[in-house]
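Biologist: Could you walk me through how to read this model, starting with one strand and working outwards?

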Amino acid sequence: MVATLGSMAVSGQPAMAVTPVKEPEVSPFARPTPPLLVQRAIAALDAHGAHIRHRDLVGLVDFGKASREARFHLVDVAGGELVSSHLVSHGSGSDPANSGWVQRFSNAYGSNASSPGAFLTGVTYYGKHGRSRRLIGLEDANSAALERGIVIHAASYVSEDMAATQGRIGRSQGCFAFSNSDINGVLERLGEGRLLYAVK
């Protein structure tokens with residue numbers, strides 16, 4: 001009779017102990033590679049590290065997606081986790097036909113367009129849209145953000161209902177506008193001295 005290792009005696013002799021197989025340690029290089037947009041945001045963190053005090057969490061805007069999608073992501077860089085995703089507007093100058101898709105960017109005053117690249121989050125203030133947060137552009141493509149008044153604020157034209165019924169949300173004048181239900185959480189998590197990175 002053929003014996004099973006570790007459970008039966010072979011030829012009347014006591015069964016031999018079987019040493020458990022040690023699982024190989026997983027190399028950190030074998031971990032899944034972060035999505036390209038996250039890699040680009042991390043590269044922006046490194047490039048603008050002198051300006052950004054807090055590197056633990058970033059705001060990432062994927063303007064390659066339609067406005068009906070939750071395309072603003074709060075990313076825990078240290079933990080490698082997605083914290084939350086939200087609807088966010090783009091500027092009317094970036095989508096003249098009101099299609100729900102970003103067609104172009106601009107840094108020009110009066111363009112009402114969105115700008116891409118790395119932004120430093122500034123102080124909060126209370127304006128015509130309620131509690132808002134200023135943004136400072138860190139790149140040539142968004143260097144006029146502060147002068148243009150490009151900020152994070154709430155707007156009634158950003159809502160899940162509008163996204164579902166119209167297939168898009170409303171457009172801003174270049175600002176990152178959020179729903180009234182999301183704005184407080186976004187402002188609290190993406191506090192002053194952090195990175196907001198927008199890309200298409």
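Modeller: Let us begin with strand β6 (residues 151–154) in this predicted model, where Val-151 and His-153 point one way while Ile-152 and Ala-154 point the other way.

Biologist: Are those four residues of β6 buried or exposed?

Modeller: All of them are buried, whichever way they point from β6.

Biologist: In which sense does β6 pair with β5, and in which sense with β7?

Modeller: With β5 the pairing is antiparallel and runs over two bridges, whereas with strand β7 (residues 176–178) it is parallel and runs over three bridges. To place the registers on screen, find Arg-134, which stands opposite Val-151 in β6, and then Ile-152, which stands opposite Phe-176 in β7.

Biologist: How many helices and strands does the chain have, and in what order do they run?

Modeller: There are four helices and eight strands, and from the N terminus on the order is α-β-β-β-β-β-α-β-α-β-α-β.

Biologist: How should I read a helix such as α1, and what span should its twelve residues have?

Modeller: One compares the expected rise with the model: at 1.5 Å a residue, the twelve residues of α1 should span 16 Å, and the end C-alpha atoms are 16 Å apart, which agrees.

Biologist: Which residues of α1 are buried, and where do they lie around the axis?

Modeller: The buried ones are Val-38, Ala-41, Ala-44 and Leu-45; they cover an arc of only 115° around the axis, so they sit on the same side of α1. On the other side of α1, Leu-36, Asp-46 and Ala-47 are exposed.

Biologist: What covers the buried residues of α1?

Modeller: The cover includes β1, β4 (117–127) and β8.

Biologist: How many salt bridges does a search of the whole structure find?

Modeller: The search finds three, and for each one it is useful to read the distance together with the accessibility of the partners. In one of them, the side chains of Arg-55 and Asp-46 meet at 2.8 Å, N to O; Arg-55 counts as partly exposed, at 36% relative accessibility, while Asp-46 is among the exposed residues of α1.

Biologist: Which residue does Arg-194 pair with, and why does that pair tie together parts that are apart in sequence?

Modeller: Arg-194 forms a salt bridge with Asp-56, with the closest N and O atoms 3.1 Å apart. Arg-194 lies in the loop between α4 (183–189) and β8 (195–199), and Asp-56 in the loop between α1 (36–47) and β1 (57–62), so the pair ties together parts that are 138 residues apart in sequence. Arg-194 is buried, with a relative accessible area of 14%, whereas Asp-56 counts as partly exposed at 37%.

Biologist: And what does Glu-188 form with Arg-131?

Modeller: Those two also form a salt bridge, their closest N and O atoms being 2.9 Å apart. Because Glu-188 lies in helix α4 and Arg-131 in strand β5 (residues 130–137), this pair ties together parts that are 57 residues apart in sequence. Glu-188 is exposed, with a relative accessible area of 53%, and Arg-131 counts as partly exposed at 22%.

Biologist: Turning to the chain as a whole, what share of its residues is buried, and what share of contacts joins residues at least 24 apart?

Modeller: Buried residues make up 42% of the 200 residues, and among contacts between residues at least 6 apart in sequence, 56% join residues at least 24 apart. As for the surface, the chain exposes about 11,100 Å², of which carbon and sulfur atoms supply 54%.

Conventions:
Residues are numbered from 1 along each chain as its sequence is written. This is a predicted model: local features need pLDDT of at least 70, side-chain atom pairs count only at pLDDT 80 or more; totals for chains, interfaces and linings use all residues. Side-chain values use heavy atoms; hydrogens and water are left out. A salt bridge is a side-chain nitrogen of Lys or Arg within 4 Å of a carboxyl oxygen of Asp or Glu. Buried means under 20% relative accessible area, exposed over 50%, partly exposed in between (1.4 Å probe, protein chains only). Contact means heavy atoms within 4.5 Å. Accessible areas come from the Shrake-Rupley method with a 1.4 Å probe; for residues, only the protein chains shown count as cover. The expected span of a helix is 1.5 Å times one less than its number of residues. The arc is that of the directions from the helix axis to the C-beta atoms. Two strands pair if DSSP finds at least two bridges between them.
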